[in-house]
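The following paragraphs offer a guided reading of a model that was predicted. The reader is invited to keep the structure in view while following them.

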Amino acid sequence: MYLAASVAILVTMALALARALLGPTVYDRVLAVNMFGTKTVLLLSVIAFLYGRPDFLDLALAYALINFIGVLAVLKFVQDYALRHQEPGEES
Amino acid sequence: MEFLGLYNYWVFAVLLMTGMYAVISRTNLIKKLIGMTIFQAAVFLLYISMDKVEGGTAPIIQADLPGQLYSNPLPQVLILTAIVVGIATLSLGLAIVVRISEAYGTIEEDEIREMDGE
Amino acid sequence: MVTLFGVFLLTLLVITAIGIVRAQHLFVAVMLTGIFSLQMAAVFFILDAADVALTEAAVGAGVATVLLLGALALTEDREKPAKRRAWIPIVVVSVTTLMVIYATFDQPRLGDAEAPVHQHVAPWYLEETPRLIDIPNVVTAILASFRGYDTLGELFVIFTAGIGVLFLLANPSERGTLTLSQSAEATGLRHHLVPRVVGRLIVPFILLFGLYVQFHGDYGPGGGFQAGALISAGFILYALVEGETMALRALSFRLLGGMIAGGALLFVAVGIAGIVLGGNFLDYSVLAADPVAGQHLGIMLVEVAVGITVTGVLLTIFHSFAAREQRS
Amino acid sequence: MELVLDFASWVLLLTGGAFVFIGGIGALRMPDFYTRMHAASLTDTLGTILVLLGIILQAGVSLAAVKLAAIMVFLLLTCPTAAYALANAARLARLAPERRVRDE
């Protein structure tokens, strides 16, 4: 049953990767990165049990804690970008 | 299953050359640096592929399981430090690119060459 | 079965790498690099390298994306389309790929216990670590004790890179007393309530987990490199949600500089203490009455030194990029 | 008792895997960014909870179960935050439309 769950997770990873490569907007790609991150957390937890070494859950824990920093950095990037490029009269 | 034993090395070869392609064919400096990280990752993959022992587990000794086989710890030590060194050198490269961008207003290699009057 | 997972992930890895090279938009390339790093970590984990996977996780998820985005904010985020199709690189790269693949047929198969790489010193490390050092994690034992010279060298490479970034990006007049303007940019995501609340909640846990990884590194995956990257990720998160100014108030530029030098000096000091007490450089056995206890003490001190320097360097780099953005 | 626990964790893992998979399909097939985000983040959290609960039942009362519970709590905190940040970034970019931020 670990196998069934991990196969589902792996296939979802491939789907997320497809979304990341297809786009079409950059935000779709960021979404795909985030999805890929949570799927990695799940995959690492499942494989830790498949290998019979549950002490390696530290890895999944590390990802669970810091994976969203990247998305926050994207928000800050877009926000700064919008601030810098908001000259009056400029619209497109 | 025999050919799967070499799959890691084939992926290593393809990744290595994908990174190499980005470095030699792109003119954008940041793209070159990203290509370099792919190149680097390929080398990491080569080392870590070599450490695996069939039926082994990560080299953290379990005292309650005598006779357990362990994978080779030595490549792991090398790569562990190399990853952190990699991010440090990547940021050094990025810092240089930022300075180039401030001085020339572009990060395209051919435009920089033109400005230098070559 | 897990080997097949590895094959699947490696295939995704190649697809992602090609996607990165093809992406015209550098922002997209950076995002795909994030996915690439996640895949690498999963592959490392499947190949029994838990310590390496933890390092890749801590560096790739927390620090690399933020640094690359910081550099993009300072330059351009779009690549100019190539003027002509470069045939020579494609030919060179294809030929070399085929040559490297041809060379792999002489490689031992994956997981072959008879491979030459497993015959040299590795069995000795695995056998002697319980007797000489008596910690379960052989990777930490080799990193900090058996091959301490290597680690010292690597630490100085990181040290030098940190100093280099500081020289290139920090404004000399501002160094030490770097204060940022209270503009909207300097305050980061302060006005976003959800990230701010959750970030405040998560930061202590990241730091706690970083310390756990630091001091539990003898028994499980972990050590100074991973802990340094995790703790810097925690402070980077703090800087994102509360603004640079607040983060610099917690750990000032001057303190970070001290950490960069202090960690490296602590490592060297532990080595010299070995000489003073009658052993060799970086020989920890003489640090305590009992050689094994001395090894424990030495490894702990050296790992702390590594953790301090890595944290200092990564945070210095982050703040240097962020401060540059303020000025431009 | 053992059997009941095994069966329960089996069901949880399978439904969790199914939800993860459905979320993946949704993220790939939905027509525009905001609906894709909805598919991804909603089933993401549910699938995560189910899979992790399934593993927790297998782990029993141990340190591993505590770690898994911690992973679950942190994921439940950080995933919606990431979704918030992402939606906000997208909205910001729509407000100040700029071709360089938008792909293509």
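A suitable place to begin is a pair of helices from two chains. Helix α2 of chain B and helix α2 of chain C, which covers residues 26-46, pack with their axes 11 Å apart and at an angle of about 5 degrees. Angles under 35 degrees count as roughly parallel, and α2(B) is therefore roughly parallel to α2(C). On the side of α2(B), the residues that meet the other helix are B:I30, B:K31, B:I34, B:T37, B:A41, B:L45 and B:I48. Their counterparts in α2(C) are C:L26, C:A29, C:T33, C:F36, C:M40, C:V43 and C:F44. An α-helix has 3.6 residues a turn, so residues three or four places apart point the same way. Sorted by class, the residues of the contact between α2(B) and α2(C) comprise 11 nonpolar, 2 polar and 1 charged.

This helix pair belongs to a wider meeting of chains. Among the 5 pairs of chains that touch, chains B and C share the most contacts. Chain B contributes 68 residues to the contact, and chain C contributes 78 residues. On the side of chain B that touches chain C, the elements giving two or more residues are α1 (7-25), α2 (29-51) and α3 (73-104) of chain B. Of these, α3(B) gives the most, with 22 residues. The class count for this side of chain B is 45 nonpolar, 17 polar and 6 charged residues.

Chain B itself may be considered next. Chain B has 4 helices and 0 strands, and from the N terminus on its elements run α-α-α-α. The radius of gyration of chain B is 20 Å, well over the 13 Å that the globule rule gives for 118 residues, so chain B is more spread out than a compact globule. Along its principal axes, the C-alpha trace of chain B spans about 70 × 30 × 15 Å. Of the 118 residues of chain B, 59% count as buried. Among the contacts in chain B with a separation of 6 or more, 48% are between residues 24 or more positions apart.

Chain D stands in another relation to these chains. Chain B and chain D do not touch, and their nearest C-alpha atoms are 16 Å apart. Chain C, by contrast, does meet chain D: 10 residues of chain C are in contact with 8 residues of chain D. Helix α8 of chain C, residues 193-215, supplies the largest share of the side of chain C that touches chain D, namely 5 residues. That side of chain C has 6 nonpolar, 2 polar and 2 charged residues.

Chain A also packs against chain C. Helix α4 of chain A (residues 69-84) and helix α3 of chain C (residues 50-74) have axes 9 Å apart and pack at an angle of about 15 degrees. This angle makes α4(A) roughly parallel to α3(C), and the crossing of the two helices is right-handed. From α4(A), the residues A:I69, A:G70, A:A73, A:V74, A:F77 and A:D80 meet C:A61, C:G62, C:T65, C:V66, C:L69 and C:A73 of α3(C). By class, this contact of α4(A) with α3(C) has 8 nonpolar, 3 polar and 1 charged residues.

Another point of α3(C) deserves attention. C:A53 is found in helix α3 of chain C. Because 31 other C-beta atoms lie within 10 Å, C:A53 is buried. Leaving aside neighbours within four places in sequence, C:A53 is in contact with A:L59, C:A41, C:F44 and C:F45. Of these partners, A:L59 is among the buried residues of α3(A). Helix α3 of chain A, residues 57-66, is mostly covered, with 10 of its 10 residues buried.

Two loop residues of chain C complete the tour. C:D48 is found in the loop between α2 and α3 of chain C, and its phi is near 75 degrees, a positive value in a residue other than glycine. C:D48 counts as buried because it has 26 C-beta neighbours inside 10 Å. C:L282 lies in the loop between α11 (253-276) and α12 (291-327) of chain C. Although C:L282 is not a glycine, it has a positive phi of about 65 degrees. With 23 other C-beta atoms within 10 Å, C:L282 is buried.

Technical notes. Residues numbered from 1 in each chain as written. Chains lettered and ligands numbered in written order. Predicted model: local features only at pLDDT ≥ 70, side-chain atom pairs only at ≥ 80, totals over all residues. Contact = placed C-beta atoms within 7 Å. Nonpolar A, V, L, I, M, F, W, Y, C, P; charged D, E, K, R; others polar. Axes fitted to C-alpha atoms, helices over the stretch in contact; angles between N-to-C directions. Parallel < 35°, antiparallel > 145°, perpendicular 65-115°, else oblique. Left-handed = near helix turned anticlockwise from the far one by under 90°. Buried ≥ 20, exposed ≤ 12 C-beta atoms within 10 Å, placed from the backbone. Rg over C-alpha atoms; globule rule 2.2 N^0.38 Å.
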